[in-house]
Amino acid sequence: MRPRISRKTLARFIHNYIPPGPFFFSSPHIYWDDSLGVYDKNCGILGKMSKISPMSRYYHAMVDSRTKMLVFSSPKAGSTTIKEFAVNKLKLAQKPPNFQGKAHRVDLPTILGGANNFYTKETKTIDWHTFRKEYEIYFPIRNPYDRLVSFFTNKFVANITPDILSKKVFKAPLVLPVLAEVQKYNRKKPIRLEDLTLQDLIVALHKSYCSKKDRVWEHHLGLQVTPDVHFMSAPDIQFINSRQIDDLLKFWYLKSFGTLTKFSFESLNRSTSIKPNKPLEKAYERPLEELILKKDRMTSASFYHPELEEMVKDIYAIDYIYWNQVKNYQHSFPLK
């Protein structure tokens, strides 16, 4: 847990500081070579990190200057729905986007990137004081175990048909690289893709994490709360259960237009890998080929196993700090 110290002490302490975090999450190297300052007028001191965390959530914190809303997003935690809402409903993109369902490729105004940057490029400084004093800041967090289930069922089960499986030609380029990483830590006979299970994925991911030499395989498997956000800004952020994203978007719409009369989720991707349907006993150890042939979606609970969860808790310890804060808490959004 982060120690409770004053902002002034913190700002002095973190001058030219690289935020701590597991070595495992130091790759893929996305947007991490810049230094970053976070300035707070109450301190009168510039706190500066000499490196931004890899896959930093600051790059995915959407800024709506009109409503004074700042909304973070993470892969496999409603990020597509949030970004499509920002594009289609709020029209936050600076230029009419060539959308075609690819919300992640649209330049949206974020703290560090997109159509507008809300930091001083010359000094590479976020004026965090303005955000924490003038903006409502929200960060949806998903149960890290469910997020891994979603990764497996969405990228492997849902997107691979028996025909595609036989041809070994995949829409998602991550399929074979992830299989290769699982294979590296499999002590049994070589795993064919059709034999892959969620259990294989989690066990191999945990072994990779514990190796102290490997880095995270793919950005969808990165942290939700990156170390820079955890260390610098978390006390000012309202973390919410990702199941409350619907209410968050309604609230955002209400602040934008003053009414919910015309509000609808139509045209948003609101897809989920696991829909409440039929349970399947021990789905976590069922091979991919069997899961693909199932006509019904499996409940998320079907993939749960306590020993696997302990591994996930070890890998995603930072995320669990914030998930444990919100898993039983329902934030109240004024929707009237």
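What follows is a conversation about a predicted model of a protein chain.

Colleague: Happy to look at this with you! What is the secondary structure of the protein chain, and how much of the chain counts as buried?

Modeller: The chain has 12 helices and 8 strands. Of its 336 residues, 53% count as buried. As for contacts between residues at least 6 apart in sequence, 71% join residues at least 24 apart.

Colleague: Let me pick a residue, then. Why is Met55 called buried?

Modeller: Buried means under 20% relative accessible area. Met55 has a relative accessible area of 8%, so Met55 is buried. This residue is in the loop between strand S2 (45-49) and strand S3 (61-64).

Colleague: And what makes the phi of Met55 worth a look?

Modeller: Its sign. Most residues other than glycine have a negative phi. The phi of Met55 is near 60°, a positive value, and Met55 is not a glycine.

Colleague: Why does Lys68 count as partly exposed?

Modeller: The cut-offs are under 20% for buried and over 50% for exposed, with partly exposed in between. Lys68 has 32% relative accessibility, so Lys68 counts as partly exposed. Lys68 sits in the loop between S3 and S4, and its phi is positive too, at about 60°.

Colleague: How do you know that S3 and S4 pair, and in which sense do they run?

Modeller: Pairing needs at least two bridges between the strands. S3 and S4 are joined by 4 bridges, so they pair, and they run antiparallel. They form a hairpin with 4 residues between them, and Lys68 is in the turn. One bridge to look up in the structure links Val63 to its partner Leu70 in S4.

Colleague: Which residues of S3 point one way, and which the other?

Modeller: Ala61 and Val63 point one way, while Met62 and Asp64 point the other way; all are buried.

Colleague: What makes S7 a partner of both S4 and S8?

Modeller: The same rule of at least two bridges applies. Strand S4 (residues 69-72) and S7 have 3 bridges, so they pair, in the parallel sense. S7 and strand S8 (residues 238-241) have 4 bridges, so they pair as well, again in the parallel sense. Leu70 stands opposite Ile137 in S7, and Pro140 stands opposite Ile240 in S8.

Colleague: Why do you call strand S7 mostly covered?

Modeller: Strand S7 (residues 136-141) has 6 residues, and 5 of them are buried, that is, under 20% relative accessible area, so the strand is mostly covered.

Colleague: Leu70 keeps coming up. What makes Leu70 stand out in the largest nonpolar core?

Modeller: That core has 72 residues, and Leu70 is one of those that touch the most other members, along with Phe72, Ile111, Trp128, Phe152, Phe156 and Tyr316. The largest share of the core, 7 residues, comes from helix H4 (residues 144-158). A second, separate core has 24 residues, including Ala93, Val106, Leu248 and Phe333. In soluble globular proteins, nonpolar side chains tend to be buried together.

Colleague: Which residues is Leu70 in contact with, leaving aside neighbours within four places in sequence?

Modeller: Among them are Ala61, Met62, Val63, Ile111, Trp128 and Ile137.

Colleague: Let's go to helix H4. How do you know that Val157 is buried?

Modeller: Val157 has 8% relative accessibility, and the cut-off is under 20%, so Val157 counts as buried. Val157 is in helix H4. Beyond its neighbours within four places in sequence, Val157 is in contact with Phe152, Leu288, Leu291 and Ile292. Val157 and Leu288 are 131 residues apart in sequence and 6.5 Å apart in space, C-alpha to C-alpha.

Colleague: And why is Asn328 called exposed?

Modeller: Exposed means over 50%, and Asn328 has a relative accessible area of 72%, so Asn328 is exposed. Asn328 is in the segment after helix H12 (317-326). From Asn328 to Asn241 the C-alpha distance is 8.3 Å, with their places 87 residues apart in sequence.

Colleague: One last topic: how many cavities of 30 Å³ or more are there, and what lines the second largest?

Modeller: The count comes to 3 cavities. The second largest has a volume of about 40 Å³. Its lining is Pro144, Arg147, Leu148, Phe151, His220, Leu221 and Tyr316. By class, that lining has 5 nonpolar, 1 polar and 1 charged residues.

Notes: Residues numbered from 1 in each chain as written. Predicted model: local features only at pLDDT ≥ 70, side-chain atom pairs only at ≥ 80, totals over all residues. Heavy atoms only, no water. Core = buried A, V, L, I, M, F, W, Y, C linked by side-chain atoms within 4.5 Å. Buried < 20%, exposed > 50% of the residue type's maximum accessible area, 1.4 Å probe, protein only. Helix = DSSP H or I, 4+ residues; strand = E, 2+ residues; numbered from the N terminus. Contact = heavy atoms within 4.5 Å. 1 Å grid on protein atoms, 1.4 Å probe; cavity = no way out; pocket = protein on both sides within 12 Å on 5 of 7 lines; lining within 4 Å. Points joined across faces, edges and corners; volume = space filled by probe spheres on them. Nonpolar A, V, L, I, M, F, W, Y, C, P; charged D, E, K, R; others polar.
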